[in-house]
Amino acid sequence: MSKKKARGIDGDAFLAAQLSDPRVRHHFEQRRIVHEVAVAVRGMRMGAGLTQAQLATRIGTSQPTIARLEKGLDVRTPRWDTLQRIARALGRQLKLKFAMSSDGDELVDVEHSVRLHRNKRTAATAAAPLRTHRPGGSGRRA
């Protein structure tokens with residue numbers, strides 16, 4: 001009796017096949033935006049040394065709302081005015097950018113503030129955007 005080896009699924013090929021359907025691609029991109037915003041907001045909040053409750057108080061909402069946003073549990077993309085209030089509360093400016101289309105690039109970039117007095121990073125390193133993880137990706141660049 002010979003045993004057959006189980007073969008795994010090629011994740012990239014499977015994802016590519018699924019994304020060939022425009023409806024699936026649309027929903028995937030919506031989830032990707034929600035996920036990247038969640039990662040960015042959580043990172044900025046923690047970088048500012050604030051709790052979810054403190055950020056919620058600053059923008060006039062509840063802690064569970066911030067928790068849901070940071071976990072990416074909402075099906076909808078966070079509203080622009082909500083993101084503007086979060087940005088202002090964290091001493092940031094929210095910008096909208098129309099960029100050339102590229103499947104590999106992150107949709108949400110967060111610029112790190114320049115704080116040379118706290119540590120000795122260069123201005124170029126301090127201004128480098130925070131990269132978020134892409135759902136469905138390996139996290140590695142091609």
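**A nonpolar core and a salt-bridge network**

Start with the middle of this predicted model: the largest nonpolar core has 16 residues, and V37, V41, L55, I59, I86 and L90 touch the most other members. A nonpolar core here is a set of buried Ala, Val, Leu, Ile, Met, Phe, Trp, Tyr and Cys residues joined through side-chain atoms within 4.5 Å. Four helices, α2, α3 (52-59), α4 (63-71) and α5 (80-89), each put in at least two residues of this core. Helix α2 gives the largest share, 4 residues. Helices are DSSP runs (H or I, at least four residues), numbered from the N terminus.

As for V37, its contacts (heavy atoms within 4.5 Å) include none of the residues up to four places away in sequence, since those were not counted; V37 touches L69, P78, L83 and V108.Next come the charged side chains. Side chains of opposite charge can pair when their charged atoms come close. A salt bridge is counted when a side-chain nitrogen of Lys or Arg lies within 4 Å of a carboxyl oxygen of Asp or Glu, and the structure holds 7 of them.

Three residues, E29, R32 and E36, are linked in a network of salt bridges. On one side, E29 pairs with R32 at 3.6 Å, N to O. These two residues both sit in helix α2 (residues 22-47), 3 residues apart, or about one turn of the helix. On the other side, E36 pairs with R32 at 3.2 Å, N to O. E36 and R32 also share helix α2, 4 residues apart, again about one turn.

How buried or exposed are these residues? The cut-offs are under 20% relative accessible area for buried, over 50% for exposed, and in between for partly exposed (1.4 Å probe, protein chains only). R32 is buried, at 4%, and so is E36, at 0%. E29, at 22%, counts as partly exposed.

A further salt bridge joins the side chains of D21 and R23, with 3.4 Å from N to O. Here D21 is partly exposed, with a relative accessible area of 24%, whereas R23 is exposed, at 61%.

A word on the bookkeeping: residues are numbered from 1 along each chain as its sequence is written, and side-chain values use heavy atoms, with hydrogens and water left out. Because the model is predicted, local features need pLDDT of at least 70 and side-chain atom pairs count only at pLDDT 80 or more, while totals for chains, interfaces and linings use all residues.
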